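This report looks at a few selected positions and describes their surroundings in turn. Please keep the sequence and the model at hand while reading.

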Amino acid sequence: MSLQMVTVSNNVALIQPGFSLMNFDGQVFFFGQKGWPKRSCPTGVFHFDVKHNHLKLKPAVFSKDSCYLPPLRYPATCIFRGSLESGKHEYIIHGGKTPNNELSDKIYVMSVVGKNNKKVTFRCTEKDLEGDVPEARYGHSIDMVYSQGRSMGVLFGGRSYIPAAQRTTEKWNSVADCLPHIFLVDFEFGCSTSYLLPELQDGLSFHVSIARNDTIYILGGHSLANNIRPANLYRIKVDLPLGSPAVSCTVLPGGISVSSAILTQTKSDEFVIVGGYQLENQKRLVCNTVSFEGDKIEIHEMETPDWTPDIKHSKIWFGSNMGNGTVFLGIPGDNKQATSEAFYFYMLKCVEDDANEDQKTLADSQTSTEDPGDSTPFEDSEEFCFSAEANSFDGDDAFDTYNEDDEEDESETGYWITCCPTCDVDVNTWVPFYSTELNKPAMIYCSHGDGHWVHAQCMDLAEHTLIHLSEGSNKYYCNEHVKIARALQTPKRAPPLKKPPLKSLHKKGPGKILTPAKKSFLRRLFD
């Protein structure tokens, strides 16, 4: 194992606890900044380009048919393949925290649709679920199991806000363990079913999960109710016949007490567990190898990396799996000095550079990183205020200045636009305009022609109208094209106006005969 320090050239303030890394064909991408995306990268996804221990974050773009993906911290992520033999994969993203500290219950699927020398284009789609839908949560895991030619997602654990009926002013943002239910999610048909197994008594957060064919192994985790990190090891087996799935759980010996550990795969049958916490205020500096032989699992301590004094003495650390047996770690900087960095970063390589192909298989499991504020008193406290505002970039950020490349990328993402001649959205100080922005942007898609995005704020849409249009598949036309759209519609046939006959305006009889001048005047009056 080798540990190397990494310098970050730009956008270093984005890398905060709770981020995720996704590996597509050897290219690593950063997701999960703490603040809302800014104009320099409206998608909030960056290419994690590391060369010679120097990291540069390059903005990524989404295709025009993508849904909006809010920046989520502490979500559950996993790799999804159509089959075990499939080389192409996508990423499943569920739950997590938004920059407004709201919890998400959405499921997103991210895939690569275009790649060239300059940039990678993603497509993001939102999956709707029916049945036993998991509540909004974070710090949980989601993994894919494959059995008898079928695949299914397995979701477990996490934390959620306490129910609204139990909230008080003092406990408004308090969280609790989710119930220890196992959710099976069918991504093909969009349905979810929950199972309550007697072996799972407590809800666990920030555990380690490892997927192997039709089996999920769950190690460690933190129980918020008991404030313990039990040395648990569960084996959850999922059988997927043509009928109803069968789910069973077995308690195995030899577990480890750890939370917030990072898992990386080094061989086809071997994983390494790095980091985490063994007590509320004590990091776990020991690393473990997890090896499989059939249904047998073995966990052993391995040689400890040569941790630097800064890593040993820091109270918190965080990170994510880069794939190929490499882990990205961050620790807080020395805030006693005015010029110190908010965080220092390292890369830990658990395999040698000349590793063979089977050592470079990507991990199919949840990368678990714990929010220190929910198990320790560090996050967002006065003592550990590491950086400026959470949604701010570095002042000398190279990507925070205008350039033509940014403008080209933004035209494809569709988030930062001038939607009409009177558009007054300030792209430099943009914040969510409606509460629906937490799930979908405060924008709506005009259906005229090839379609284009417009700001709900500029179109003067009420919030309930935006919700209605976002939930359905109704066509919407912006202010500029609404008249064109109306012209395409067949107007309702209106009955002709009935005009009273002229003869009914006077009575015939002696003394009631109208002169020609009066008849002409009345015709002009009523015509």
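## His455 and its strand

In this predicted model, His455 belongs to strand 32, which covers residues 452-455. The relative accessibility of His455 is 5%, and because the limit for a buried residue is under 20% relative accessible area, His455 counts as buried.

## The annotated binding site

His455 is also one of the positions to which UniProt, in an unreviewed entry, assigns the feature "binding site", the others being Cys419, Cys423 and Cys458. Although these residues span 40 residues in sequence, no two of their C-alpha atoms are more than 8.0 Å apart, so they gather at one spot.

Cys458 is placed in the loop that runs between strand 32 and helix 4 (463-471), and with a relative accessibility of 14% Cys458 likewise counts as buried. When residues up to four places away in sequence are not counted, Cys458 touches Cys419 and Cys423, both of which carry the UniProt annotation, and Cys458 also touches Cys420, Asp424, Val425 and Asn479.

## Val113 in strand 9

Val113 sits in strand 9, made up of residues 107-115. With a relative accessible area of 38%, Val113 is partly exposed, because this class lies between the 20% limit for buried and the 50% limit for exposed residues.

Leaving aside neighbours within four places in sequence, Val113 is in contact with Ser63, Thr121, Phe122 and Arg123. The C-alpha atoms of Val113 and Phe62 are separated by 8.9 Å, while the two residues are 51 residues apart along the chain.

Key. Residues numbered from 1 in each chain as written. Predicted model: local features only at pLDDT ≥ 70, side-chain atom pairs only at ≥ 80, totals over all residues. Heavy atoms only, no water. Helix = DSSP H or I, 4+ residues; strand = E, 2+ residues; numbered from the N terminus. Buried < 20%, exposed > 50% of the residue type's maximum accessible area, 1.4 Å probe, protein only. Contact = heavy atoms within 4.5 Å. UniProt positions renumbered as here; feature names shortened; annotations may be inferred.
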